[in-house]
Amino acid sequence: AQSYGDAVTLGATTTLASPGSGRIGFANTITGAQAMTVNTAGTTTLGGAVSLATLTTDAAGTTAINGGSVTTTGAQTYNDPVTLGAATTITGVASRFGSTLYGAQTVLVNDSAAMPFDGALGTVHPLTTLPHHAAAYPTVHGQPPPAPPPYHNPPLTTVVALRPLLL
């Protein structure tokens, strides 16, 4: 297991790995204009705000986002199930949720490309809302939401109330 209690600043591209089901936990902020990859069959906990170049998690474990915001200048790729422990804002470029996303929280997506959700949304603990920037309509299993009617001029932020969704 690896635990980081203080604020972490990355000075270089970083890969953290924990053998077996070891937990990798951050209790505070993670910053730096660098890429970070986390590989563990255990839980990756992001306890503070995150601001990086890119962020990638492997498929073997789970990720708990408890810090309220994850911001990257590039992609965020969550290959494992993600749980939200707080209302969360995800800001990035061509980010992807490769597995489930759940937690009785609101998640605001500000992504400059279509943001795919490859797994079920809100299956264990339903998300309260999924607001997203109009330029980055989310896709579920590669399918975008239907286009609004021609008379509809969507605002910059649209709020979608979610119930458990299994596809």
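**Why the labels fit**

Me: Why is A94 called partly exposed?

Reply: A94 has a relative accessible area of 42%, and the label applies between the two limits, because buried means under 20% and exposed means over 50% relative accessible area, with a 1.4 Å probe and protein chains only. A94 is therefore partly exposed. This is a predicted model, in which local features need pLDDT of at least 70 and side-chain atom pairs count only at pLDDT 80 or more, while totals for chains, interfaces and linings use all residues. Residues are numbered from 1 along each chain as its sequence is written, and side-chain values use heavy atoms, with hydrogens and water left out.

Me: What sets the phi of A94 apart, and where does the residue lie?

Reply: The phi of A94 is positive, at about 55°, although A94 is not a glycine; most residues other than glycine have a negative phi. A94 lies in the loop between β14 (88-92) and β15, where a strand is a DSSP run of E with at least two residues and a helix is a run of H or I with at least four, numbered from the N terminus.

Me: Which class of exposure does G98 fall into, and where is G98 found?

Reply: G98 has 30% relative accessibility and so counts as partly exposed. G98 sits in the loop between β15 (96-97) and β16 (101-102), and its C-alpha atom is separated by 7.7 Å from that of P81, 17 residues apart along the chain.

Me: How do you know that β4 and β7 pair, and in which sense?

Reply: Two strands pair if DSSP finds at least two bridges between them, and β4 (residues 24-26) and β7 (residues 43-46) have three, in the parallel sense. One of the bridge partners is T44 in β7, opposite I24. On to β10 (residues 62-65), β7 is joined by four bridges, again parallel, with T44 opposite T63 and L46 opposite I65.

Me: Why do β1 and β16 count as edges of the sheet?

Reply: The open sheet has six strands in the order β1-β4-β7-β10-β13-β16, with parallel pairing. β1 (2-4) and β16 each have a single partner strand, so one side of each is left without a neighbour in the sheet.

Me: What makes a set of residues a nonpolar core, and which members of the largest one touch the most others?

Reply: A nonpolar core is a set of buried Ala, Val, Leu, Ile, Met, Phe, Trp, Tyr and Cys residues joined through side-chain atoms within 4.5 Å. The largest has 22 residues, of which F26, I30, M36, L46, I65, V70 and Y78 touch the most other members. β4, β6 (35-40), β8 (50-52), β13 (82-84) and β17 (107-111) each supply at least two residues of this core. F26 has contacts (heavy atoms within 4.5 Å) that include Y4, V8, L16, M36 and L46, not counting residues up to four places away in sequence.

Me: How confident is the predictor over the chain, and where does pLDDT stay under 50?

Reply: On pLDDT, the predictor's confidence in each residue from 0 to 100, the protein chain averages 79, and 68% of the residues score at least 70. The value stays under 50 over residues 133-137 and over residues 145-167. Where pLDDT is low, the predicted coordinates should not be read in detail.
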